[in-house]
Amino acid sequence: MSAPNSDFVRACKGQPVDVTPVWFMRQAGRYMPEYREIRKHHSLVEICKTPELAAQVTIEAAEILDVDAAIIFADLLLPLEVMGLDFHFEAGEGPVIHKPLRTPADVTQLRTDRAAELNYVAESVKLVTRHFGSQLPVIGFCGAPFTLASYMIEGGGSRSYVETKKLMYRSPKAWDQLMSKLIDVLAAYAAEQVKAGADALQIFDSWVGCLSIEDYREFVLPRTTELVKKLRSTGVPIIYFGTETSTLLPSMKDTGADVIGVDWRIPIDKAWASIGNLGAVQGNLDPVLLLAEWDLIQERAADVIDRAKGHAGHIFNLGHGILPQTPVDNVQRLTDFVHEYSQKNRGTTKAANIDWFGDGQ
Ligand code: CP3
């Protein structure tokens with residue numbers, strides 16, 4: 001860990017802070033002219049694989065926005081390559097996996113012995129933590145087994161996840177093997193990021209909201225719990241995020257994650273209550289609101305902060321990533337507003353009830 005006493009890390013652990021910490025998913029991205037300039041000369045994957053560039057993009061975004069944490073610049077899909085699935089990004093279309101998994105035999109072919117080849121991400125983390133020292137915490141991340149499996153099986157984004165669910169329902173043994181292989185690679189990959197100085201890890205389960213509670217609990221929860229346990233043993237707090245998860249939040253909390261990331265479809269106090277007001281929460285302004293007039297942005301941001309008031313352990317964020325059309329100025333103003341408003345309007349704060357050491361104390 002490079003900044004263990006930062007407000008962000010304290011909030012992840014449910015400890016009281018004076019000012020609500022804020023950062024944004026996709027805070028480095030196409031809405032920023034500085035990022036677009038680098039993208040003129042390098043592809044997305046090239047930036048990810050060149051630690052100097054990835055670190056530059058990470059640092060620049062965090063400094064321009066004056067946020068309370070820097071998320072390492074990488075992509076969710078990088079582990080696919082070392083497992084034997086090649087992909088590329090189609091301009092404006094998103095990722096395309098060349099030969100998606102469709103049969104149990106395809107799953108058997110996946111490799112788990114090449115995770116060390118992802119160490120360029122840990123190298124980027126090292127450069128960023130060296131730059132910020134204890135001034136700013138760095139967030140490492142990886143995909144969740146379900147969301148990564150969905151890309152591997154569908155071959156890209158999907159509306160109804162038919163092929164993913166088909167494999168899950170019809171070939172439970174292959175599904176289990178796929179989950180195990182992903183957990184092995186992701187645990188090794190994330191542990192390297194922590195060794196390199198990351199202060200927290202976020203697990204992105206972006207598309208898990210397509211599952212019913214029953215299917216989540218049967219096919220996904222036990223395996224995600226296993227991953228959370230492994231990542232938690234690195235000693236840093238774990239943030240577990242998904243979208244369209246209003247009905248899944250209590251089950252997601254059962255994974256043991258320290259922080260639950262919430263999208264905008266549920267008020268944050270209701271989300272928190274649904275997990276027994278345990279631990280910390282992160283969110284949850286609609287990213288599209290950043291395209292609204294400032295008065296409305298401010299009103300809705302104040303509402304999020306007011307709803308979370310009175311508990312320690314709120315990290316302000318959007319409910320999903322910043323969109324490419326977003327004015328940078330609105331993101332900067334929002335960061336300042338969260339800091340000022342939360343400091344002025346702080347209620348009496350109870351420490352959140354987190355079993356941080358896992359010993360019931
Ligand atoms: O948040 C950050 O600032 C760190 C960087 C980051 C990227 N991808 C870089 C990126 C992070 C945290 C991710 C995670 C990621 N990648 C997720 C989970 C978050 C989420 O959005 O739910 C997912 C699903 C992916 C896979 C992915 N990567 C998709 C579907 C796309 C295409 C969609 C799009 O926005 O174009 C990407 C491309 C991508 N990854 C971009 C960035 C900045 C934009 C494309 C570019 O620069 O060419």
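How many cavities of 30 Å³ or more does the count come to? The count comes to three. Before we visit them, please keep in mind that this is a predicted model.

## The ligand and its shell

Let us start with the ligand. Its surroundings are made up of 23 residues, and the closest of these are Arg 26, Tyr 35, Arg 39, Ser 206 and His 320. Sorted by class, the shell holds 14 nonpolar, five polar and four charged residues.

Oxygen atoms of the ligand take part in several pairings with the protein. A polar side-chain atom of Ser 206 is found 2.5 Å from a ligand oxygen, and a polar side-chain atom of Arg 39 lies 2.6 Å from a ligand oxygen. The backbone joins in as well: a polar backbone atom of Gln 27 is 3.1 Å from an oxygen atom of the ligand. On its own the ligand would expose 870 Å², and the protein buries 89% of that area.

## The largest pocket

Where does the ligand sit? The space that the ligand takes up is the largest pocket. Two elements give two or more residues each to the shell around the ligand: helix H2 (33-41) and strand E3 (94-97).

The volume of this pocket is about 1400 Å³. Its lining counts 39 residues, with Arg 26, Arg 30, Leu 44, Asp 75 and Phe 89 nearest the centre. Elements that supply two or more lining residues are H2, helix H3 (44-49), strand E2 (87-90) and E3. Arg 26 thus appears both among the residues closest to the ligand and among those nearest the pocket centre. By class, the pocket lining divides into 23 nonpolar, 10 polar and six charged residues.

## The largest cavity

Now for the enclosed spaces. The largest cavity has a volume of about 130 Å³. It is lined by 15 residues, and Thr 20, Ala 308, His 311, His 314 and Arg 346 are the closest to its centre. This lining has five nonpolar, eight polar and two charged residues.

## The second largest cavity

The second largest cavity holds about 40 Å³ of space. Which residues line the second largest cavity? They are Ala 28, Met 32, Glu 34, Tyr 35, Ile 38, Val 57, Glu 60 and Ala 61. Helices H2 and H4 (51-65) each provide at least two of the lining residues.

By class, this lining is made of six nonpolar and two charged residues, with no polar ones. Tyr 35 offers a link back to the ligand: this residue lines the second largest cavity and is also one of the residues closest to the ligand.

Conventions
Residues are numbered from 1 along each chain as its sequence is written. This is a predicted model: local features need pLDDT of at least 70, side-chain atom pairs count only at pLDDT 80 or more; totals for chains, interfaces and linings use all residues. Side-chain values use heavy atoms; hydrogens and water are left out. A residue is near a molecule or strand if one of its heavy atoms lies within 4 Å of it. A polar contact is a pair of N or O atoms within 3.5 Å; within protein, one must be able to donate a hydrogen and the other to accept it, and residues adjacent in sequence count only if both atoms are side-chain atoms. Accessible areas come from the Shrake-Rupley method with a 1.4 Å probe; for residues, only the protein chains shown count as cover. On a 1 Å grid over the protein atoms alone, a cavity is a set of points where a 1.4 Å probe fits but cannot get out, and a pocket is an open set with protein on both sides within 12 Å along at least five of seven lines; lining residues have an atom within 4 Å of a point. A molecule sits in a cavity or pocket if more than half of its atoms lie within 2 Å of its grid points. Helices (H or I, at least four residues) and strands (E, at least two) are DSSP runs, numbered from the N terminus. Ala, Val, Leu, Ile, Met, Phe, Trp, Tyr, Cys and Pro count as nonpolar, Asp, Glu, Lys and Arg as charged, and the others, Gly among them, as polar. Grid points are joined across faces, edges and corners, and a volume is the space filled by probe spheres set on the points.
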